[in-house]
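The exercises below are meant to be worked with the sequence and the coordinates side by side. Try each task before reading its solution.

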Amino acid sequence: MGKITEMSVQKHNKSRVNIYIDGEFVGGLEAVTALGAGLRVGAEADGATVLALQAESDGEAAFVKATDYLSRRMRTERELRDYLTGKDFSESVIDGVIRKLKEYGYIDDEGFVEAYTETYSSRRGKKRIRMDLLRHGATPDLIEAAVNGIGDQREAAERAAEKYLRTRAYDRRKLASHLMSKGFEWDDIDHAVRVFGGKEEE
């Protein structure tokens, strides 16, 4: 047991304070947590207590940031993990937050993949959807299950072509290139190009 000799506000996070016991840095935690625990300069404390409070404080702060991040749109576990890592939370704190969010049903990679696929399959091809989901951090098995369930995309390719041609003159090469950028399979691209090429000839 020692005495708290200094409590200083952190330079890059004004809501947190650094705790020093007998002149040595022990850890940092949210100022409100320190206040609630009765920590103040001159008070007796030990490093283990401060570290326990730090873990609790970091867990609460990480949970708040995570729920705010999730409130904007659905996220995969990897997206959330990367986000919290970027906020300098420890792996153990992140694991705890993710475990809690999974229990609450706020993180559901399978649900994310299904919702994303359902939303975008009407205007993007399977290749693009697969690439997007990989970028979001979904696992290959979930991605393949969802993509394989999309089915025929000829109508989707036609809709994408029609939208593109609303503001552009028909050009077979440019239209095919655009549909490729949308991730459609070649058979669907060829079909859409022929459909609108035929319309141009009528």
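The model used here is a predicted one.

**Exercise 1. Find the neighbours of Leu-84 and place this residue in its nonpolar core**.

Solution. Begin with the contacts of Leu-84, leaving out residues up to four places away in sequence: the side touches Ala-62, Lys-65, Ala-66, Phe-89, Ile-94 and Val-97. Next, turn to the largest nonpolar core, which has 16 residues, and in which Leu-80, Leu-84, Phe-89, Val-97 and Leu-101 touch the most other members. Then assign the core to helices: α2 (47-72), α3 (77-86) and α4 (91-104) each supply at least two of its residues, and α2 gives the most, with six. Finally, look for a further core; a second, separate one holds 14 residues, including Ala-160, Leu-165, Ala-176 and Ile-189. As general background, nonpolar side chains in soluble globular proteins tend to be buried together.

**Exercise 2. Describe how helix α5 packs against helix α6**.

Solution. First take the geometry: α5 (residues 109-120) and α6 (residues 126-136) pack at an angle of about 145 degrees, and their axes lie 11 Å apart. The crossing of α5 past α6 is right-handed. Then list the residues that meet, which are Phe-112, Val-113, Tyr-116, Thr-117 and Tyr-120 from α5, and Ile-129, Asp-132, Leu-133 and His-136 from α6. Sorted by character, the residues of this contact comprise six nonpolar, two polar and one charged.

**Exercise 3. Is Glu-79 buried or exposed, and which residues does Glu-79 touch**?

Solution. Locate the residue first: Glu-79 lies in helix α3. Its relative accessibility is 12%, and because buried means under 20%, Glu-79 counts as buried. Now examine its surroundings, where, apart from residues up to four places away in sequence, Glu-79 touches Tyr-69, Arg-73, Met-74, Phe-112 and His-136. One of these, Arg-73, also has a side chain joined to that of Glu-79 by a polar contact of 2.8 Å. Two others, Phe-112 and His-136, reappear from the previous exercise, Phe-112 being in α5 and His-136 in α6.

**Exercise 4. Classify the accessibility of Trp-186, and state how far its C-alpha atom is from that of Arg-159**.

Solution. Trp-186 is found in helix α10, which covers residues 186-201. With a relative accessibility of 47%, Trp-186 counts as partly exposed, since the exposed class requires over 50% and the buried class under 20%. For the distance, the C-alpha atoms of Trp-186 and Arg-159 are separated by 15 Å, while the two residues are 27 residues apart along the chain.

Methods:
Residues are numbered from 1 along each chain as its sequence is written. This is a predicted model: local features need pLDDT of at least 70, side-chain atom pairs count only at pLDDT 80 or more; totals for chains, interfaces and linings use all residues. Side-chain values use heavy atoms; hydrogens and water are left out. A nonpolar core is a set of buried Ala, Val, Leu, Ile, Met, Phe, Trp, Tyr and Cys residues joined through side-chain atoms within 4.5 Å. Buried means under 20% relative accessible area, exposed over 50%, partly exposed in between (1.4 Å probe, protein chains only). Helices (H or I, at least four residues) and strands (E, at least two) are DSSP runs, numbered from the N terminus. Contact means heavy atoms within 4.5 Å. Axes are lines fitted to C-alpha atoms, for helices over the stretch in contact, and angles run from 0 to 180 degrees between N-to-C directions. A crossing is left-handed if the near helix is turned anticlockwise from the far one by less than a right angle, and right-handed if clockwise. Ala, Val, Leu, Ile, Met, Phe, Trp, Tyr, Cys and Pro count as nonpolar, Asp, Glu, Lys and Arg as charged, and the others, Gly among them, as polar. A polar contact is a pair of N or O atoms within 3.5 Å; within protein, one must be able to donate a hydrogen and the other to accept it, and residues adjacent in sequence count only if both atoms are side-chain atoms.
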